[in-house]
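Biologist: I should like to learn how to read the features of a structure that is new to me. Please take me through it step by step.

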Amino acid sequence: MEIVYVYTRKRSEFGRPCCFSDRPATVTVDIPPEPGMADAFVLRNPVHSSVQHGSNMSEHEVNTERVEVASRGANHVEGGWPKDINPQEGEQTARFRKKVEKDENYINTITHLGTLVERCAKQNNAVDIYEEFFAEEETVEVADEPPSAKTINVIRAVGKPTALSRVLSLQRDPNVTKRTAAHLSWHPDACRKLAVAYGSLEFQRDGKDISFDSYIWDLENPNKPEFVLKPSSPLVCLEYNPKDSHILLGGCYNGQMVYWDTRKGGLPVEVSAVEVSHRDPVYGAIWLQSKTGTECFSASTDGQVLWWDIRKLSEPTESLVLDITRSGLLENALGAVTLEFEPTMPTRFMVGTEQGIVIACNRKAKTPAEKITGTYSAHHGPVYALARNPFCPKIFLTVGDWTARIWSEETKESAIMWTKYHLSYLTDGCWSAVRPAVFFTTRSDGTLDVWDFLFKQNDPSLSLKVCDEPLSSLRPQDNGCVIGCGSKLGTVTLLEISSGLCTLQRNEKTLVTAMFERETKREKILEARHREMRLKERARSEGQGTEAEDVLVEDPQEVLDRARREYFEVLKEEMKRRTQAETRHGKVPGTAQAGTAMGCPAGGRGCGSVSAFQGKDRAGQEAAGPAEESQPPEDREEEEEEKDAA
């Protein structure tokens, strides 16, 4: 090592102690002022002075030179071959292997190493050195952690954070005329970027001063957008490409499909032609799982689902009309509001419509009618959100009107679980990416609800007032800890929820799966019971309708005549029975009494004939009297009405 500085000192001065003494202060120098120099003094305003705050370091003899370290590496693909052997030639390597395998030294070496490898393999099978023995205990500790809150950064305070969340940052639409944050999309590689589609969805609103731009925000610098997207029409949906983070897909308000490459600027790379695009706003656009990473599909309220390849947006590759009557007519199609696609089921997708019906589809069906596999009557109004559970793909969530409902593919008549009816309209919803029992919903009063139905089923676990205007969109990060909420006035608020709501609990997946299966089985039993009751009711109503038709066929006059005839027959039979009874007792009914009552001799003809007629009439009345007394009052009233009618 080369000596640069040399310090010399007498050995007698090494370790020499300092001796201090107490004495009064003395004036060393006294410079009196000179009044003649005061006129030549110039005041400087302002006065600049510099101060060094770094500590002064002295050089010492133990200082060493700095070591420069450089990282170097070698890519070892295949080695150990002699120089005369080309590893790329199969014949040479095979010939050399045969030659080496015949060598006795090679055989002895392999035999010796075999015992060592066998011992190491047995050790690995006996003890797993990477096993985590206390993973469950750590999870329980995180779940039992009390709720906490801390505000990290607020650009413009719109809502107050509660005890279970904290506001990370907040962005507003930079334009003067505020637009709705219609859709959010997180950067697939780095979660510090967020793409927001801004657009006015009120078609009657004056659009002279409304901007068409949408933005990509950098969360580390939320004061201004990092990138500006300039479409030809306002964007309704916007999605990052999961395979290439520089490419974004957008659906426009006028029905066109457009995509950007951020490396080529803010203008679109290609836009679909108006003639082959949708006729209404594109409310859903999703990337498909493909080798090229360029395929996608879209849905609109015009009742169509179109498949695209961004390498050729001049025309769609495939189309489907959402006609549940399976006639394929566009005028009968239902307008699509939301679109759902699960990558684990590449041929199946679901569409939520304006009429509140969820349509399950299969792209690989042979005919267009077979592509619509089923329907679910989900809500009273439009289905604003539709998402499958990431842990149980057969279970999906729908959000519409005033409720959120959880459905199973196996039960089409009713949901297996649902929330209570809220006072305000629900606008969006989605599942948590890390917990199968947690999902989020947004409301038109600016409230975010976090539901954990393992903990509480009747009420949300957390209700957070995010802002005063209605919330329009919702999108959580893949780690489940940060949630982005977009509002009607273009405000995007990022919220970090507590660890208990974004950490997988012990046995949670098993418990959730068992709950879904139990509720699905219960709904199946109820559906079978309701189906049976409907069949019985239908059969009963059909039988009553047939009897009513038979009764109406008969003439009312005929019914009246028949009743009168039956009535007099009953009276005649009763009179006959009473006459026979009195005859058996030895009495002639009415003759002598009638003659005496009229004051005529018993043998007179005229009086006798009249008496006989009157006696006969009286006998008939006496016979009818007991018969009437033996009948109930209702029958007597009917008989009197029949007599009056006769």
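Modeller: The turns below treat ring pairs, nonpolar cores and cysteines.

This is a predicted model, in which local features need pLDDT of at least 70 and side-chain atom pairs count only at pLDDT 80 or more, while totals for chains, interfaces and linings use all residues. Residues are numbered from 1 along each chain as its sequence is written, and side-chain values use heavy atoms, with hydrogens and water left out.

Biologist: How many aromatic pairs are there?

Modeller: Rings of Phe, Tyr and Trp (its six-membered ring) pair if their centres lie within 6.5 Å; planes under 30 degrees apart are stacked, over 60 edge-to-face, and the rest tilted. The count here is 16 aromatic pairs. One edge-to-face pair joins Y384 and Y425, with 6.0 Å between centres and 75° between planes. Ring pairs also link F297, W307, F341 and F349 into a cluster.

Biologist: Which residues have the most contacts inside the largest nonpolar core?

Modeller: In soluble globular proteins, nonpolar side chains tend to be buried together. A nonpolar core is a set of buried (under 20% relative accessible area, 1.4 Å probe, protein chains only) Ala, Val, Leu, Ile, Met, Phe, Trp, Tyr and Cys residues joined through side-chain atoms within 4.5 Å. The largest has 19 residues, and I406, W431, F439, F453 and F516 have the most contacts inside it. Apart from that core lies another, of 18 residues, including L288 and W307.

Biologist: How many disulfides are there?

Modeller: A disulfide is a pair of cysteine sulfur atoms within 2.5 Å. By this rule the count is zero.

Key: Buried < 20%, exposed > 50% of the residue type's maximum accessible area, 1.4 Å probe, protein only.
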